[in-house]
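Subject: Structure handover

Dear colleague,

I am passing on the structure we spoke about, and below it you will find what turned up when I went through it. Please read the notes with the coordinates open beside them.

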Amino acid sequence: MSDSELIHGLEVAKHASRDSCWVVVNGHVYDVTEYLDKHPGGSQILLQYGGKDATSIYEPNHPKGTIEKGLPKDKHLGPVDPATVATPQKPQVTRDLDKTARIPLSHCVNLDDIEKAAERIISHSAWVYFRSGADDLRALANNRDDWKKVSLRPRVMRNVRRVDMRRTMLGTRYRLPFFIAPAARARLVHEDGELCIARGAARAGIPYCPSTYSTVPHDELARGHAATAAEVGDDTSELWFQLYVAHEKPRTLELIKTARDNGYKALVITVDSPVVGKREDDERYRAELATASGDDTVLTEWYRPQTSEDGPPLRGHHSSTLNWDDLPWIREAWGPHNGPVVLKGIQCAEDAALAYDHGVDAIYLSNHGGRQCDDAPSSIRTLLEIRRFYPHLLGKMDIFLDGWVRRGTDIIKALCLGATAVSLGRPFMYATAYGDEGVMKVIQLLSEEIETTMRNMGVTSLDQLNPSYVNTKILERELPDDLRFEAEWPAFKPKL
């Protein structure tokens with residue numbers, strides 16, 4: 001292509017508004033105007049880089065080929081003249097943390113240590129994204145504090161020389177009773193991103209459920225996972241696919257096809273995100289960046305209300321119409337022989353029962369790490385609520401949970417109360433800052449704690465755990481006495 005056919009940087013710079021927004025990524029110009037309200041991260045970040053080179057912010061947050069595949073060909077405007085485009089100085093927000101001393105992994109003896117170590121080496125923007133929660137962080141506090149309201153009741157004088165930590169999830173026997181939860185943007189902290197996590201899961205023989213928004217393409221994750229499994233000679237580990245249902249049904253069908261084609265063994269549908277929660281640390285950081293860049297005009301874009309009945313609602317980056325009647329077509333698209341269907345984001349006993357009524361294979365108790373609805377209950381509290389009001393669900397379908405799991409004792413408590421297994425998200429994202437070694441460190445620490453706790457509890461197999469090994473009276477006093485929801489709105493009452 002001749003120089004005369006290159007797009008001049010001054011022409012690109014003219015298109016920096018909601019009416020016409022162009023960005024440069026890897027030397028090519030793209031018209032993202034019509035995509036502004038569809039962008040999962042909101043239109044604000046696109047407008048902040050409108051008319052500019054967005055490569056530096058694009059690459060750590062997206063799998064390769066995202067923009068090429070996501071935009072129609074007529075929005076691919078062509079190559080830019082590199083001599084006419086200035087790479088914008090990425091605004092920085094400093095903090096007072098002393099980052100001079102990198103903490104060796106060998107000094108990390110628990111998951112909190114790994115979090116503290118990661119804070120010293122990852123960018124402030126990544127730290128804010130991984131750490132943030134909704135509003136006043138009370139849902140996040142519920143996750144952390146409710147584990148303390150359940151105590152263990154160890155038994156003694158038992159032969160615990162050998163213990164078995166294997167656990168069956170969705171019909172498959174895995175080597176440990178936990179799996180890796182969906183969390184996105186791992187390339188913010190390591191160039192291999194989610195590949196570090198996939199390789200770690202394969203080595204440990206546990207499931208990994210990558211996010212829809214994995215910064216490594218799902219086919220590449222599947223190949224990396226399979227290669228590691230072959231290398232270690234163990235095919236126990238499997239990949240599950242986390243699905244955010246999109247506004248457009250064709251996009252959802254495309255994601256499900258991706259999961260099928262790449263051999264993912266379960267479809268985990270996130271149901272607690274009709275809109276994105278108000279994560280104030282994220283929004284405060286955006287405001288600081290905008291001020292540092294000298295452009296505050298884009299800040300209002302994040303708060304734009306719904307402009308039409310057909311348009312997405314405020315913070316509506318995923319489907320806001322997803323309902324129980326959508327499950328049949330999602331199941332049909334997934335196919336009857338491609339694996340179980342799981343609903344992630346169950347937060348009350350009624351919805352657990354409705355999920356069973358609708359034939360899902362498993363439920364995943366979660367308040368999205370405290371990032372969606374503030375004051376939402378912890379998953380261990382929801383599990384107790386199910387035990388009180390729908391105890392017959394236990395054993396009829398797998399029940400998973402997450403939410404500030406930081407110790408092997410937390411995992412043991414959940415299993416005692418009827419959980420099939422638990423999952424962890426943030427600790428693995430922090431650990432990814434240390435690459436494959438960091439991921440394996442998290443797995444090692446949890447494994448050691450589970451094994452030690454089992455022996456001190458007097459059990460040799462996880463299948464021996466039951467409610468007699470825990471005291472839940474403190475937490476049970478905080479549960480509702482009845483389900484008023486069912487009495488007041490009987491149309492929504494489960495059929496059980």
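Helices here are DSSP runs of H or I with at least four residues, numbered from the N terminus, and by that reckoning helix H9 is followed by glycine 233, whose phi is positive, near 70 degrees. Please keep in mind throughout that this is a predicted model.

As for the chain in general, the protein has 19 helices and 14 strands, and 53% of its 496 residues count as buried. Among contacts between residues at least 6 apart in sequence, 75% join residues at least 24 apart. The accessible surface comes to about 22500 Å², and carbon and sulfur atoms account for 50% of that area.

To return to H9, which covers residues 218–232, its 15 residues should span 21 Å at 1.5 Å a residue, and the end C-alpha atoms are indeed 21 Å apart, so the two values agree. The buried residues of this helix are His218, Leu221, Ala222, Gly224, His225, Thr228 and Ala229. They lie on the same side of H9, because the arc they cover around the axis is only 170 degrees. Arg223, Ala230 and Glu231, on the other side of H9, are exposed. The partners against which the buried residues of H9 pack are helix H8 (194–204), strand S8 (241–243) and helix H10 (249–261).

A search of the whole structure finds 10 aromatic pairs. One of them joins phenylalanine 130 and tyrosine 430 in an edge-to-face arrangement, with 6.4 Å from centre to centre and 85 degrees between the planes. This pair links distant parts of the chain, since phenylalanine 130 belongs to helix H6 (residues 124–131) and tyrosine 430 to helix H16 (residues 426–432), 300 residues apart. Both rings are in buried residues, with a relative accessible area of 5% for phenylalanine 130 and 2% for tyrosine 430.

The rings of tryptophan 240 and phenylalanine 400 have centres 5.7 Å apart and planes at 35 degrees, so that pair is tilted. Tryptophan 240 sits in the loop between H9 and S8, whereas phenylalanine 400 is in strand S12 (residues 398–401), so the pair ties together parts 160 residues apart in sequence. Tryptophan 240 is buried at 2% relative accessible area, and phenylalanine 400 is buried at 1%. Ring pairs also link Tyr174, Phe179, Trp240, Tyr364 and Phe400 into a cluster.

Finally, a search of the whole structure finds zero disulfides; of the cysteines, cysteine 21 is buried at 0% relative accessible area, while cysteine 373 is partly exposed at 49%.

With best regards

Notes: Residues numbered from 1 in each chain as written. Predicted model: local features only at pLDDT ≥ 70, side-chain atom pairs only at ≥ 80, totals over all residues. Heavy atoms only, no water. Helix = DSSP H or I, 4+ residues; strand = E, 2+ residues; numbered from the N terminus. Buried < 20%, exposed > 50% of the residue type's maximum accessible area, 1.4 Å probe, protein only. Contact = heavy atoms within 4.5 Å. Areas by Shrake-Rupley, 256 points an atom, 1.4 Å probe, with all protein chains shown as cover. Expected span 1.5 Å × (residues − 1). Arc of directions from axis to C-beta. Disulfide = S-S within 2.5 Å. Phe/Tyr/Trp six-rings, centres within 6.5 Å; stacked < 30°, edge-to-face > 60°.
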